[in-house]
Amino acid sequence: MLLLIPGPVQTRPEVRAAMAQDIAPWDNDFKAVLTGIRAKVLALAGGMVGRHEALMLQGCGHFIMEAAIRTFVPAGTGKILIPLNGTYAGRVERLAREAGRQVVTLTLPETRAVAPEEIAAALAADPGITHVAMVYSETGGGIVNDPNLIGPVVHAAGRRLILDAVSAFGALPFSLAEHPECDAVMFTSGKCLEALPGIGFAVVDTARVQACAGNAGSWSFDLNDVYGQVLRAGPGSFRFTPPVQVLAAFGAALDYHAAEGQPARLARYRENSRVFHQGMRRIGLKPYLEEAQQGPIINIIHQPPDPGFELQRFVDELKRREVLISNFYNTPTPTFRVGCIGDVTPADMERAVAMVDETLAALQIRQRA
Ligand SMILES: *Cc1c(COP(=O)(O)O)cnc(C)c1O
């Protein structure tokens, strides 16, 4: 089966095999594994030893995003600007509002990235804004908001950046050393790092996280306390029981990431995305984005307007042809979504295009766009 979803992704058998063991979290052998993972993740994020720290939280991407918002944005005096150009930005907004944080949104079309001038204008208009929380690769529509363009604007305005790089990190470039305005960059084990789901990462500015004691209003979601654990008990320790097998597999996946290298991984995903996008046009379907706006992580395709098209049936028929895609969509109009990340190649994407074509023919969907 070819798994084409934007996380959890298709993984290498060697990565999955690394899970097949019993592990004690406090065991010295495992502490060494965890210490190594922390150092490698810090380096991958362009973090500087002493100035930044790689923190981990059990669970999904939403959990680590909530922890970052609660920790870095104080209730009352903090205010977050969120450029809204997709569902995942909307999720950041909801996390922030439910945590009782002040939020200002900048609503944009889902079909293009936010421009630096738009952020600059929004920050100039409201001096009360303390943070910008932005989604790097928007998994809703498939566009990419570039922190390397937005970060300098946030920096110039004297505000702080919180970056949801959950679906980007490991492929799209980001280096904390070049982003002094960044409080924290977040990602998970199960997307472009091609490991299993279960761990959220926040690589943080240590001076900032230390200044944020008492902000979180939650023990579980307090990155100041997570950092405190690293200081108290060392980098090989966790506060509460970690998913040890997932961490062991993550360590193996990091080795494959290092062997491939971030630029080559990005190039492979870009080619996966290009092959699929152009393939969809070739077989008469309409992609959600223009090719120039299409990011490398996920392709969104308009559902055929044919009255006979039904998403779950299409997904089931495609699965019978060994290609598994999402059975839901996150856009305002009906679409289907296809991930371009994980242990998959452009040849796999060509096969997926052929199978989509065959499936539509089998389902007698004549009107494709
Ligand atoms: C996957 C993803 C998340 C987190 O999703 P979880 O299901 O909570 O792991 C957050 N932001 C973006 C942009 C994502 O793609």
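These notebook entries record what I looked up in the structure.

**Entry 1. The model.** I note at the outset that the model is predicted.

**Entry 2. The ligand and its shell.** I began with the ligand and listed the residues around it. From the earlier part of the chain I noted Cys60, Gly61, His62 and Tyr88. Further along, the list continues with Val135, Ser137, Thr139, Asp164, Val166, Ser167 and Lys191. I then sorted this shell by class and obtained four nonpolar, five polar and two charged residues.

**Entry 3. Polar contacts of the ligand.** I looked up the distances from polar protein atoms to ligand oxygen atoms. For His62, a polar side-chain atom lies 2.4 Å from an oxygen atom of the ligand. For Lys191, the distance from a polar side-chain atom to a ligand oxygen is 2.7 Å. Gly61 takes part through its backbone, with a polar atom 2.8 Å from an oxygen atom of the ligand. I next checked how far the ligand is covered: on its own it has 390 Å² of accessible area, and the protein covers 82% of this.

**Entry 4. The largest pocket.** Which space does the ligand take? I found that the ligand occupies the largest pocket. I recorded a volume of about 450 Å³ for this pocket. Its lining has 27 residues, and those closest to the centre are Gly61, His62, Tyr88, Val166 and Lys191. Two elements, helix H3 (61–72) and helix H4 (87–98), each give two or more residues to the lining of the largest pocket. H4 has the largest share of that lining, with four residues. By class, I noted twelve nonpolar, eleven polar and four charged residues in the pocket lining.

**Entry 5. The largest cavity.** I then turned to enclosed space. How many cavities of 30 Å³ or more does the model contain? The count is one. I entered about 80 Å³ as the space in the largest cavity. Its lining includes Arg38, Met56, Leu57 and Gln58. Also in the lining are Val226, Gln229, Val230, Ser237, Phe238, Arg239 and Phe240. The elements that give two or more residues to this lining are strand S2 (52–58) and helix H8 (223–233). I classed the residues lining the cavity as six nonpolar, three polar and two charged.

**Entry 6. Backbone geometry.** I closed with two points on the backbone. Where does the cis peptide bond that I noted lie? It joins Gly7 and Pro8, with omega about -5°. I placed Pro8 in the loop between strand S1 (2–3) and helix H1 (13–17). I also looked up Glu194, which has a positive phi of about 60° although it is not a glycine. Glu194 is located in the loop that runs between strand S7 (182–188) and strand S8 (199–205).

Terms used
Residues numbered from 1 in each chain as written. Predicted model: local features only at pLDDT ≥ 70, side-chain atom pairs only at ≥ 80, totals over all residues. Heavy atoms only, no water. 1 Å grid on protein atoms, 1.4 Å probe; cavity = no way out; pocket = protein on both sides within 12 Å on 5 of 7 lines; lining within 4 Å. Points joined across faces, edges and corners; volume = space filled by probe spheres on them. Nonpolar A, V, L, I, M, F, W, Y, C, P; charged D, E, K, R; others polar. Near = heavy atom within 4 Å. Polar contact = N/O pair within 3.5 Å; in protein donor to acceptor, adjacent residues only side chain to side chain. Areas by Shrake-Rupley, 256 points an atom, 1.4 Å probe, with all protein chains shown as cover. Sits in = over half its atoms within 2 Å of the grid points.
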